[in-house]
Amino acid sequence: MFLSKLLEPAKTTAREAGAILWEMYQSGDFTEQHKQDLSPVTSADLAANAHIIAKLSALTPDIPIISEETQLVPLQQRYDWPRYWLIDPMDGTQEFVARSGDFAVSIALVEHGWPALGVIYWPKEDILYYATRGHGAFKQQKNLIKRMQVHQLQLGEQMRIAVSRRQPLQPITALLNAEQQVQYIPLGSCSLKSCLVAEGKADCYLRLGPTGEWDTGAVQVIVEEAGGKILDSQFSALSYNQRETLANPDFMVIGQAELPWPELIKAKSASRIL
C-alpha cells in the first residue's frame, strides 16, 4: 500500500522533470560543464534535479534523497537508512548534448537495500516505464498502458543486444560466444536500453564502463518485475548503499533469466570500488 501511494506522485514528478529537460533541449538554452570525472553536466540536469528534490521532499519529508547531482553523504550516515529515494535527473546527458533525444528521468525508491519502486520517463517519446515490487512492470504512452514481459529467448535463436551509440562494439563482441547470432540495437541512455530488455525488444544489454547506482536503481525493479535480472559481469547481484562510493561494476541486463547465460556471455572481472 505504501508503494502504491508513492507511485503516481513519482510518475508525475518524473513527467514534470522531463518537461523541464525537454523545454531546455528544444530551446537550446542550457550551459554545459564537466565534473571531476570529466562526465558532462548541464544546467538542464541541475534544473530537473532541483525540481525532483523539491517534489519528493514535500511528498515524503522523512525519506532522504540520493541524487547523482548532489553531494553524497558518508556511508556511516546512510548505511542504516531503511529507505531512500535514488534519482538521476537526466540519464543520458551526452545524448542531450549530442541532440539525439535519448535521455530520460530516473526515480527509484530503495527499501532495505533493494529497489522497490522505479519510474523512467523518456520525454522525446512521452513514454513512462514503471514498476513496484510484486506488482508487475508497465509501459505507458499517452493513455495506453501495457504490462511488460521480457522476451523468452531460446538457445540458438538470434540474440538482440542493446548497445550504446557512442561506445565501440569491440569490447562487447569480445564477451560473446563466437557461435551466437547477434543483432545489435543502438540507443542512448543506460536506463532506456535496460527498458528495451524489460519490454522484450532486446534480449540483453551489456554495460562496460563507469555508471552509478542511480543508473540501475529504477530499472532494477522494472526489469525484475518484467521477468529479467541485472547482474554484474561475473553474474553476481548488484548492491545498493553498501560502500562509500555508489559506483557500479560493469553489469548486464538479461531478459530470459532461466537461460544459461554463462554459455552465451563470458564472465569479466567485476571490480568494485570500496
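**Exercise 1.** Determine whether Gly18 is buried or exposed in this predicted model, and describe where Gly18 is found and which residues Gly18 touches.

*Solution.* The first step is to take the relative accessible area of Gly18, which is 0%. Buried means under 20% relative accessible area, and Gly18 is therefore buried. The next step is to place the residue in the secondary structure: Gly18 is found in helix α1, which covers residues 2-27. Turning to its surroundings, and leaving aside residues up to four places away in sequence, Gly18 touches Val105, Tyr121 and Pro123. A further relation links Gly18 with Pro89, since the two are 71 residues apart in sequence while their C-alpha atoms lie 8.5 Å apart in space.

**Exercise 2.** Work out how the radius of gyration of the protein stands against the value for a compact globule with 274 residues, and describe the fold as a whole.

*Solution.* Begin with the expectation: for 274 residues, a compact globule would have a radius of gyration near 19 Å. The protein has 18 Å, which agrees with that expectation. Along the principal axes, the C-alpha atoms fill a box of roughly 50 × 40 × 40 Å, and the chain forms eight helices and 14 strands. Next, consider the contacts between residues at least 6 apart in sequence, of which 62% join residues at least 24 apart.

**Exercise 3.** State what share of the residues counts as buried, and describe the exposed area.

*Solution.* Of the 274 residues, 54% count as buried. The protein exposes about 12200 Å², and carbon and sulfur atoms supply 52% of that area.

Methods
Residues numbered from 1 in each chain as written. Predicted model: local features only at pLDDT ≥ 70, side-chain atom pairs only at ≥ 80, totals over all residues. Heavy atoms only, no water. Helix = DSSP H or I, 4+ residues; strand = E, 2+ residues; numbered from the N terminus. Rg over C-alpha atoms; globule rule 2.2 N^0.38 Å. Buried < 20%, exposed > 50% of the residue type's maximum accessible area, 1.4 Å probe, protein only. Contact = heavy atoms within 4.5 Å. Areas by Shrake-Rupley, 256 points an atom, 1.4 Å probe, with all protein chains shown as cover.
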